[in-house]
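Me: I'm new to this one and would like to get my bearings. Could you show it to me and then take my questions?

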Amino acid sequence: MIELRTPGELDAMRAAGAVVADMLAAVRAAAAPGVRLTQLDEVARGVLAGAGATSPFLGYAPLATTPPFPGVVCLSVNDVALHGIPTPEELEDGDLLSVDAGATLDGWVGDAAITFPVGTPRPQDLELVGTTERALAAGIAAAVVGNRLGDISAAIGAVGRAGGCGINTDQGGHGVGRSMHEPPSVPNEGRPGRGLPLRPGLVIAIEPWFLAGGSDDYRVAADGWTLRSADGSRAAHVEHTVAVTEDGPRILTAPR
């Protein structure tokens, strides 16, 4: 069942979202060549502890065949598109890093992601990140009363395809509330005018993830979590938790 949130509940979700924004900012500030992914996970854990929040990622196991996720952030490097595990791997100059973070505060969840270059940026990486961020902005702009979910999906997909990116709809956006993954599903490509009507109080994570090579295919690593582009091209992932309101989209995970 899809639940619509009251203005007071949206304020509570904003508090959780602010913690997520702080996690992402802290990890980004700490990311540099030579830094281990496990060290970045520890940085994120420190932000959670300081805020009195917990992680919806840590121990998450949606399938009986999936081992519990061991980190509080997903750290995806280069051709890893989603769900990268914080390992002792060291970042290198020129890497492209996606950070996906979540926080639970007072029973409410926030979920957001960023992608950025580590050290010296590659022009093609900046182009990929820019396309993905524009797709997120387009999806958020479509999250208004009177539209449908398909309008959000279509807006995201149009930007990604125009940029020559691969788009896969196996994984995408979702409802957020008391738990990290709630209905409805929000694919990153779709047809406008289709799907659930958008009503005030609907809260969704809008999260385009694009593959630079143009292919939509990915593969799952042996760890059961890590999703890599099938052609080895780099990937970018950005996300915000967004509320549909009478006054327009409200980004609950925006920086403070």
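Reply: Here are some questions and answers on this predicted model.

Me: Let's start simple. How many helices and strands does the protein have?
Reply: The secondary structure is made up of both kinds of element. Counting them up gives 4 helices and 14 strands.

Me: What is the radius of gyration, and what would a compact globule have?
Reply: The C-alpha trace spans about 45 × 40 × 35 Å along its principal axes. A compact globule with 256 residues would have a radius of gyration near 18 Å. The value for the protein agrees with that, at 17 Å.

Me: What share of the residues is buried?
Reply: A residue counts as buried if its relative accessible area is under 20%. Out of the 256 residues in the protein, the buried ones make up 52%.

Me: And the surface, what part of it belongs to carbon and sulfur atoms?
Reply: The accessible surface comes to about 10300 Å² in total. Of that, the part belonging to carbon and sulfur atoms is 53%.

Me: How far apart are the centres of the positive and negative side chains?
Reply: There are 18 positive side chains and 30 negative ones. Take the centre of each set, and the distance between the two is 4 Å.

Me: Now for the strands. Which residue in β7 stands opposite His174?
Reply: Strand β6 covers residues 173-175 and strand β7 covers residues 182-186. The two run antiparallel with 3 bridges between them, and a hairpin of 6 residues joins them. Across from His174, in β7, you'll find Ser185.

Me: Which residue of β13 is the bridge partner of Ile204?
Reply: Ile204 sits in strand β8, residues 203-206. β8 pairs with β6, antiparallel, through 2 bridges, and there Gly175 stands opposite Ile204. β8 also pairs with strand β13 (residues 240-245) in the antiparallel sense, over 4 bridges. In β13, the partner of Ile204 is Val242.

Me: Are the faces of β8 covered or open, and which residues are on them?
Reply: Both faces are covered, and the residues on them are all buried. One side has Val203 and Ala205. On the other side are Ile204 and Ile206.

Me: Over to a helix. Is Thr131 buried or exposed?
Reply: Thr131 is part of helix α3, which takes in residues 123-141. Leaving out residues up to four places away in sequence, Thr131 touches Val159, Gly160, Gly163, Cys165 and Phe210. Its relative accessibility is 4%, so Thr131 counts as buried.

Me: Which two residues does a cis peptide bond join?
Reply: Most peptide bonds are trans, so a cis one catches the eye. Here omega is about 10 degrees, and one of the two residues, Pro184, is found in strand β7. The cis bond joins Pro183 and Pro184.

Me: Where is His83, and what is its phi?
Reply: His83 lies in the loop between β2 (80-82) and β3 (96-105). Most residues other than glycine have a negative phi. His83 is not a glycine, yet its phi is positive, at about 65 degrees.

Me: What about Asp106, is that buried or exposed?
Reply: Asp106 has a place in the loop between β3 and β4 (108-117). Asp106 isn't a glycine either, but has a positive phi of about 55 degrees. The cut-off for exposed is over 50%. With a relative accessibility of 69%, Asp106 therefore counts as exposed.

Notes: Residues are numbered from 1 along each chain as its sequence is written. This is a predicted model: local features need pLDDT of at least 70, side-chain atom pairs count only at pLDDT 80 or more; totals for chains, interfaces and linings use all residues. Side-chain values use heavy atoms; hydrogens and water are left out. The radius of gyration is taken over C-alpha atoms; the globule rule is 2.2 Å times the number of residues to the power 0.38. Buried means under 20% relative accessible area, exposed over 50%, partly exposed in between (1.4 Å probe, protein chains only). Accessible areas come from the Shrake-Rupley method with a 1.4 Å probe; for residues, only the protein chains shown count as cover. Lys and Arg count as positive and Asp and Glu as negative; His and the chain ends are not counted. The place of a charge is taken as NZ of Lys, CZ of Arg, CG of Asp or CD of Glu. Two strands pair if DSSP finds at least two bridges between them. Contact means heavy atoms within 4.5 Å.
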